[in-house]
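Visitor: Could you take me through a single part of this protein chain slowly, and show me how that part sits within the whole?

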Amino acid sequence: MITTVTFNPAIDKRYHIEDIKIGEVQRVVDVENTAGGKGINVSRVASILGEKVTGTGFLGGTNGQFIEEEISRMGIENRFLKINGVTRCCLAIIDGAGKQTEFLEPGPEIRQEDFESWLKIYNDLLSNTEIVTASGSLPRGLNANSYARIIQIAKERGIKVFLDTSGSALLEGVNAKPYFVKPNTDEISLITGKVINTEKDILKGIKYLNEKGVDFVTVSMGKAGSISGYKGIYYKAISPYINAVNSVGSGDSFTAGMAVAHYRRLDIIDSIRFAAACGAANAMENRTGYVRIENVERIFNDVKVVEFRES
Ligand SMILES: Nc1ncnc2c1ncn2[C@@H]1O[C@H](COP(=O)(O)OP(=O)(O)OP(=O)(O)O)[C@@H](O)[C@H]1O
Ligand SMILES: [Mg+2]
């Protein structure tokens, strides 16, 4: 089983408004609500790909209930801890020209005792888990080392953790040596403390993380593909041209693909091709964190991976 951790899930609301005018009454033409948060996106994609997925983290209030119902409908096992706070909404407003403006709520504060109760659920789930993915921001109240703690617990039991986060949660998380991390160029620049201009800068970041003890590092670069580092060898992945409509969630889809590929014991090159195909297939959809299997399969055959060593 793949267990996905989402500490700060959200209902993703999409408002379609012809022309946004600040300070005026706005009529929303159309609205969509979906279960969101990066870890939920990972769960949805891994589940579409056909794997057994259990989602865990914190949910509260009627928003939490909405998410529970939606993930159950998708066949994802629900093992979230119920909290007193209310799960957040994140709002994306899309205007007639397709321009997107996002409002991200911070989400409820999590008490330390909630975290300790949740650790019991987590420990219990690990008895039946081969891979853990942990994604997204840490909610208020959680210690910055929370990802490090859950990585450590999984590692002690021989379970690989795939971590996709940013900011101090990423900096602290990598100290616990997760198996896999997938920073994008902004996130790797935070790790190295330098602006990323060239591939050489990216390789430096990958090398730094590998040497720190992260086995497998992929830096994703949107439509330009990705560069990975594993056991002293680097892999550059180039995807075919696709008709991209919305690439939000492509990183989450990439992470889902990588977790599924490892679960299926694909070799390193095919794992990268499969993950890249999931990222690209997500970009072909309006929905965030969603892929069609037929697109993943087709793109998989067309992703090129070039292997190289540092010169
Ligand atoms: N337009 C695109 N065409 C082809 N492949 C894409 C495209 N956009 C994304 N991908 C694939 O998905 C991977 C991850 O995308 P990206 O680098 O945008 O992740 P991200 O910034 O972490 O996204 P998010 O955090 O919104 O999920 C890329 O490395 C690439 O393989
Ligand atoms: Mg990302």
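Guide: Among contacts in the protein chain between residues at least 6 apart in sequence, those that join residues at least 24 apart make up 66%. This is a predicted model, and its protein chain holds 10 helices and 15 strands. The radius of gyration is 19 Å, close to the 19 Å that the globule rule gives for 311 residues, so the protein chain is as compact as a globular protein of that length. Along its principal axes the C-alpha trace spans about 60 × 45 × 40 Å, and 45% of the 311 residues count as buried.

The part to look at closely is strand β9, which covers residues 131–135 and is mostly covered, since five of its five residues are buried. In a regular strand the side chains alternate between the two faces of the sheet. In β9, Ile131, Thr133 and Ser135 point one way, while Val132 and Ala134 point the other way, and all are buried.

Now turn to the strands that pair with β9. Strand β1, residues 2–6, runs parallel to β9 and is joined to it by four bridges; within this pairing, Val5 has Ala134 as its bridge partner. Strand β10, residues 160–164, also pairs with β9 in the parallel sense, over five bridges, and here Ala134 stands opposite Leu163. Ala134 is therefore a useful residue to find in the picture, because it points with Val132 to one side of β9 and is buried, by the count of 20 or more other C-beta atoms within 10 Å of its own. Finally, β9 and β10 belong, together with helix α4 (residues 146–156), to a right-handed β-α-β unit.

Methods: Residues are numbered from 1 along each chain as its sequence is written. Chains are lettered from A and ligands numbered from 1 in the order in which they are written. This is a predicted model: local features need pLDDT of at least 70, side-chain atom pairs count only at pLDDT 80 or more; totals for chains, interfaces and linings use all residues. A residue is buried if 20 or more other C-beta atoms lie within 10 Å of its own, exposed if 12 or fewer, and partly exposed in between; C-beta atoms are placed from the backbone. Helices (H or I, at least four residues) and strands (E, at least two) are DSSP runs, numbered from the N terminus. Two strands pair if DSSP finds at least two bridges between them. A crossover is right-handed if, with the strands pointing away from the viewer, the path from the first strand over the helix to the second runs clockwise. The radius of gyration is taken over C-alpha atoms; the globule rule is 2.2 Å times the number of residues to the power 0.38. Two residues are in contact if their C-beta atoms, placed from the backbone, lie within 7 Å.
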